[in-house]
Amino acid sequence: GNQKATHSENSQGKKSQHAEEAIFYMNCRAAYLTVLKSSLENIKSKEQLCLVLQQAGRNPSQKTINKYWTSQTTSLNFDDFCAILKKEKPATKNELLEAFGKIDTDKAGYILHDELCKILTTRGDKMTWEEVTSITNQADFNCSGKLDYNKFCELYLTTTEQCCKAARDRLETDPRLRQQHFGNQTENVSEGISLPVSKPSPRVSRKTDHKLPKADSRAPSRPSSAQGSKASTSTTVTVGASSSRSTKLIVEPDTMKEWQRAQSKGCFYLEEDGEIISHKYRLHLPQRSAVCVTIRPFNIPQAEGKSCHWLSVDTALFILKENETQENLQLVSFTELQNKEVFGWRGELGAGIYWLLPFTTGCRLRKVKTQITGEAKLVWRDEDGELALTKEFRAALLDIFETIDLDGNGLLSLEEYNFFELRTSGEKCDQEAWAVCKENFEMKKNELTRQGFLDLNLMEANDRDGDPWDLWVTLLSLGYNKALEMTEACPFVIDMWAERCKPRIKAISLEAGGSQLSRAVCRSVVNKGEPKVLDGSENIFIYTYRSGSRITSVIENKSENKVIIHVNNEQSKNCLNNRGLVVFAVEVAPKSMMVSQHVMALNEQEEWIYSCVHSLV
């Protein structure tokens with residue numbers, strides 16, 4: 001009886017997931033076809049992107065538009081648009097009221113027109129006087145020179161929903177538009193909902209998708225029917241319980257006792273949109289030498305009862321050779337050997353400059369909604385009324401210090417501190433400001449001590465009279481949640497040994513992997529993986545490669561035309577992929593290759609089966 005009840009609950013859950021997925025893509029298509037003639041037509045300008053987002057109930061700022069339409073962007077397709085909508089959630093009433101509440105410090109429920117005009121014409125996406133006047137002239141939410149922002153928020157949300165509904169109604173009543181389905185599938189009806197595809201995609205075990213490195217790949221995650229496919233191929237890999245972790249000894253054998261060593265720490269940070277950024281490094285090798293390089297999650301001792309979420313995150317390091325320019329780095333190798341949580345590589349490198357690019361698949365470092373019972377307290381006042389840091393916050397700050405102290409010398413240099421500043425505030429501290437820090441906070445050899453770092457954060461709390469807002473901004477940007485658990489970051493440590501010379505590792509930047517890393521990941525799989533030709537299509541290759549505890553598949557399109565590949569993992573068991581979807585579709589540009597997916601075991605203590613069918617739509 002219990003089994004039947006559980007099965008029924010699972011079935012209902014899957015139907016609910018199907019329904020949510022169907023509604024989401026119906027709204028995507030409705031908005032897209034309000035601006036463009038076909039879902040196969042591309043967005044060709046910032047203005048078009050803004051219009052389509054507005055039709056989908058979003059109100060994008062110029063900063064948001066610039067995030068997706070960079071100087072390299074020439075067009076975005078429907079799948080790119082769907083991916084953007086998954087990241088850019090519509091504003092809720094609580095979020096809007098909270099934003100207005102920061103202006104209305106008296107909590108009166110309204111804002112004076114003069115004050116509103118000053119803010120809207122001088123901050124953020126600056127509006128013109130005429131645009132502000134058009135808002136303040138609306139009688140629905142204005143009276144006696146004041147804006148009633150509660151009424152404004154209600155009207156804003158109502159208008160947004162009406163806009164979305166108008167787009168959906170137009171889609172339903174126009175037979176021509178109803179045929180504009182991705183991949184030209186015929187429409188199915190399930191559970192009374194008009195589906196955009198014939199087979200909706202249940203999620204795996206997480207609810208948010210992770211954005212793969214941008215590079216040569218475009219990674220739409222919208223499901224597409226395999227029916228009517230021209231060609232397909234299947235791959236199955238069975239991995240025994242815990243056997244994904246190699247027992248090969250890759251570090252510190254007897255032969256390396258006399259080798260010279262360099263070490264640097266770093267961190268993967270999860271962005272709001274699911275993108276992962278990390279430190280990037282330059283390696284200088286003075287002469288040709290045998291080397292060994294490893295990367296592993298950095299184990300910061302945690303207080304009792306606190307879990308180290310990041311220790312299960314997979315890590316890898318790609319070694320690229322710098323040539324005449326940085327534009328076209330050459331892949332030398334990557335850390336494919338595994339010993340528990342350590343990934344490593346041994347080989348020989350010639351003298352010169354190399355780039356070390358850290359990588360994680362995103363299978364385990366991803367957005368997860370968790371229930372936080374209460375917000376941790378950061379500061380308190382002693383009996384004299386003086387502000388002090390709580391024990392829990394001090395512990396978190398000391399952990400952060402360990403993470404951002406890249407060279408591990410127990411002090412923060414200006415360079416190390418600036419990586420922290422760039423991550424938390426987007427700005428850098430110059431020499432003059434650093435000199436001011438030196439006058440006010442404890443330093444040794446012109447580097448900030450742990451106590452100095454704690455005092456710096458206490459000063460920030462004092463500057464806001466105990467308001468922890470800025471402190472929380474810092475913590476959240478470093479991957480902490482409101483319970484002071486690091487859930488959206490993974491600190492790591494890189495070790496390099498060289499036999500004949502002293503290697504030097506220097507952190508250069510903190511950013512997304514970009515095209516260089518994406519190309520390196522694809523190239524590593526193509527070089528090492530097992531290739532399969534899509535049956536019936538001599539120009540489409542699927543490469544599958546298992547490296548330790550993860551499996552990666554890459555699609556190579558050698559044809560002159562773009563192709564859409566349907567990916568189906570429904571036969572996989574005990575698996576977790578970086579996309580968070582069991583069934584999805586990807587578009588591969590002509591003469592290019594891209595990552596289809598990264599897959600890991602959901603539970604490494606049990607056998608897991610990777611079984612995937614790639615089909616040409």
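**Exercise 1.** Decide whether V599 is buried or exposed in this predicted model, then describe its surroundings.

*Solution.* Start with accessibility: V599 has a relative accessibility of 3%, so it counts as buried (buried means under 20% relative accessible area, exposed over 50%, partly exposed in between, with a 1.4 Å probe and protein chains only). Next, place V599 in strand β27, residues 592-601 (strands are DSSP runs of E, at least two residues, numbered from the N terminus). Then list its contacts, meaning heavy atoms within 4.5 Å: not counting residues up to four places away in sequence, V599 touches C363, S549, R550, I551, C575, L576, N577, W608 and Y610. Finally, look at T552: 47 residues separate it from V599 in sequence, yet the C-alpha to C-alpha distance is 6.3 Å.

A note on reading these values: residues are numbered from 1 along each chain as its sequence is written, and side-chain values use heavy atoms, with hydrogens and water left out. Local features need pLDDT of at least 70 and side-chain atom pairs count only at pLDDT 80 or more, while totals for chains, interfaces and linings use all residues.

**Exercise 2.** Find which residues touch the most other members of the largest nonpolar core.

*Solution.* Recall that such a core is a set of buried Ala, Val, Leu, Ile, Met, Phe, Trp, Tyr and Cys residues joined through side-chain atoms within 4.5 Å. Among its 70 residues, the answer is I400, L448, F453 and I494. Strand β19 (residues 489-498) gives the most to this core, with 7 residues. Now zoom in on I400: leaving aside neighbours within four places in sequence, I400 contacts F420, F453, L475, L478 and Y480.

Conventions:
Helices (H or I, at least four residues) and strands (E, at least two) are DSSP runs, numbered from the N terminus.
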